[in-house]
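Student: I've got a structure open and keep wanting to ask why things are labelled the way they are. Can we go through it together?
Tutor: Sure, put it up and ask away.

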Amino acid sequence: MALAKDLIIRIGGEGGEGIISSGDMIAQAAARSGLEVLTFKTFPAEIRGGYAMYQIRFSKSRILSEGSGFNVLCCFNKESLDVNRKYLQEGNALIYDYPGGDIEEEVNIPGVHCYPVPMSKIAKTELGVYRSKNMVCLGAVADLFSISMESLKETVVEKFGKKGQEVVDVNFKALEAGQTYIRENIKKEDSFNMEPGTPKDDVIIISGNYAVGLGALLAGCKYFSAYPITPATEVANFLSINLPKVNGNLVQAEDEIASLANVIGASYGGLKSMTATSGPGLSLMQELIGMSTMMEVPVVICDVQRGGPSTGLPTKHEQSDLFLAAHGGHGDGSRVVLSPEGIEDCVYMTVDAFNIAEKYQVPVLLLSDGSLGFRTASMKKPDPSKIKTINRDTYDPSSNGSESFMRYKLTKSGISPMSTPGQPDGAYISTGLEHGESSAPRYTPDNHTVMLDKRFNKLDDLEDFFTPTEVDIDEDAELGVVAWGSTIGTLREALALAREDGLKVSAIYPKLVWPMPKKALNDFAAKHKKILVTEINKQAQLAALLRSETDMDPISYNIYGGLPFTPKMIADKIMEVL
Ligand code: COA
């Protein structure tokens, strides 16, 4: 039997039927067997009902995106079959709830290996617990594709243990019933199998949102305040458990405005501080972002983007907050915007976000997104001893001679030492008002000009300070492609596909998206006749910023349906443009 190098399983059903739990459990079992794992989930905004989908991709090689399509489809109900039928391809395997569910007749699709499994019926009549239907399906999937039953049982205990031994027992029985059904009734015809890898002790499986929380801990964050909002709430969930372990504090505020106000106050008080939100929350925070710019107080804001505007598509993927992140708010406000590509970036770029905020005393926005925040993937366990953290330049009265403390002193770098409240001789006024060097309000034309320049010019060397912008150059390429955020991983895989087809193409992956790394972008532009920008928003936001800030005049490939690109979509576009 052929062993699949890269297997993608998609599970579809109704929200509330336990789709997410079953997907999580397959992902955990695969990761424990030493495989690379990357998941994608999409579900409706309602707690129950509507189409929910979970996709798990595993491989022995590095995985950078959700992948293109799937190999195995598990349908818990008719709707999931109707939604996915058009994507089924020759050679795919289909497991579906029949008879006994709402799929009314046996499915025969030429070239597709169709395996009917009466999941609902077994759960209802044999086990007497309809809730366990997802575990019947999992037992069947485990048997068909050689997923370790032992690992699955371990995850059942982890996931449902807190619900009581009775729940664990019935789920064990359901797993076994699914397995037995396959052994007694189904002849495997497909070639897919999960060949285990080599289990490693130093690998963790973690979601993008938890990874941001982990990055915050590694950076030395001691205060987090937020208001719950999908898809960002898990950052707070993670930190609510883990921040107290490092003597940190988490406060759930009454809204997003209050949460950023809390964060500014805590940072003013000397603590590395952070909040996390999503689009509507980021809109509310704009005035306070301006205040932290004016006060020159370091803050980190993680924005897990979702479909907008307004409440829009709260559980769906989009990259449409770039304009807001770079240009939102009133007045001329300097700020920094970073865009992590994957799970490891969620950890290490959160550390970068704190380092930049502390070094430059600016608000730093970390633009994650729905696909990345909800994704779980495997990564090497971070080694805290290798993490470089930067602390703000603090006021040292002994270095000041007889001069009194000038909080906004005009230094060569534009960065002025900060005192901590209560520090002898370190008192200053910190408000949203324009101020002179001493911090006292000052409204003269000269002063406003000088202070605005200070707040912008201190970022002049940021492009060199932050990890250099990565490029992947083919010296003969006429086309260069740009992506940001989680689309970068998809572009990396698309580039490999395009090159397999003999196409000459380069790529640039800006992770510092504001202020733009102009040197790297203009250098890249000079090497290519055509530039293509791939992103997930209607207004082609990165392309517009590139047009205004750099020498690029890009072609845009932008989609905005609530789903990420697949590598194949981008590879096809590269082919079309070339
Ligand atoms: N035995 C016992 N319990 C089981 C089970 C089983 N075999 N399978 C699932 N469950 C439990 C899960 O543990 C979970 O319980 P919990 O809520 O106590 O953690 C619950 O059933 C739901 O299952 P889960 O697998 O997590 O989710 P699902 O696939 O059924 O989908 C969601 C439900 C996630 C789509 C839905 O609940 C949701 O959260 N929707 C989004 C809401 C939102 O964010 N809206 C936006 C607001 S702005």
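Tutor: One definition before we start: domain bounds here come from an automatic or database domain assignment. Also keep in mind that this is a predicted model.

Student: Fine. What makes you say where the ligand lies relative to domain 1 and domain 2?
Tutor: Look at who supplies the shell. Domain 1 (6–185) and domain 2 (205–386) both give residues to it, so the ligand lies between them. The assignment also gives domain 3 (393–467) and domain 4 (469–577). The centres of domain 1 and domain 3, taken over C-alpha atoms, are 57 Å apart.

Student: Which residues come nearest to the ligand?
Tutor: Gly16, Ile20, Ser21, Ala45 and Thr230, out of 23 around the ligand. A residue gets into that set if one of its heavy atoms lies within 4 Å. By class, the shell has ten nonpolar, nine polar and four charged residues.

Student: And which elements give two or more residues to that shell?
Tutor: Those are α1 (19–32), α4 and α6 (165–185). Helix α1 has the largest share, three residues.

Student: How do you know that Ala45 makes a polar contact with the ligand?
Tutor: Set the distance against the cut-off, which is a pair of N or O atoms within 3.5 Å. A ligand nitrogen sits 2.8 Å from a polar backbone atom of Ala45, so that pair qualifies. Glu46 also offers a polar backbone atom, 3.2 Å from a ligand nitrogen. With Lys163 the side chain takes part: one of its N or O atoms is 3.1 Å from a ligand oxygen. Overall, the protein covers 69% of the 980 Å² of accessible area that the ligand has on its own.

Student: Why is Glu434 called buried?
Tutor: Buried means under 20% relative accessible area. Glu434 has 7%, so it counts as buried. The residue lies in the loop between β14 (376–380) and α15 (445–457), and its side chain makes a polar contact of 2.9 Å with the side chain of Arg455.

Student: Asp425 is in the loop between β14 and α15 as well. Is it buried or exposed?
Tutor: Exposed: the cut-off is over 50%, and Asp425 has 61% relative accessibility. Its phi is near 65 degrees, a positive value in a residue other than glycine.

Student: What about Gln361, what is its phi?
Tutor: About 55 degrees, so to speak on the positive side, although Gln361 is not a glycine. Gln361 is placed in the loop between α13 (343–360) and β13 (363–369). With a relative accessible area of 0%, Gln361 is buried.

Student: Where are the cis peptide bonds you've got marked?
Tutor: One joins Tyr98 and Pro99, with omega about -10 degrees; Pro99 is in the loop between β5 (93–97) and β6 (113–117). Another runs from Trp514 to Pro515, with omega near -5 degrees, and Pro515 lies in the loop between β18 (512–514) and α18 (518–527).

Student: Last one: what makes a set of residues a nonpolar core?
Tutor: The members are buried residues from a nonpolar list, joined through side-chain atoms within 4.5 Å. In the largest core, of 52 residues, Ile9, Phe58 and Ile95 touch the most other members. Helix α4 (residues 133–145) gives the most to this core, nine residues. A second, separate core has 48 residues, including Ala232, Phe238, Val362 and Ala377.

Methods
Residues are numbered from 1 along each chain as its sequence is written. This is a predicted model: local features need pLDDT of at least 70, side-chain atom pairs count only at pLDDT 80 or more; totals for chains, interfaces and linings use all residues. Side-chain values use heavy atoms; hydrogens and water are left out. Buried means under 20% relative accessible area, exposed over 50%, partly exposed in between (1.4 Å probe, protein chains only). Helices (H or I, at least four residues) and strands (E, at least two) are DSSP runs, numbered from the N terminus. A polar contact is a pair of N or O atoms within 3.5 Å; within protein, one must be able to donate a hydrogen and the other to accept it, and residues adjacent in sequence count only if both atoms are side-chain atoms. Accessible areas come from the Shrake-Rupley method with a 1.4 Å probe; for residues, only the protein chains shown count as cover. Ala, Val, Leu, Ile, Met, Phe, Trp, Tyr, Cys and Pro count as nonpolar, Asp, Glu, Lys and Arg as charged, and the others, Gly among them, as polar.
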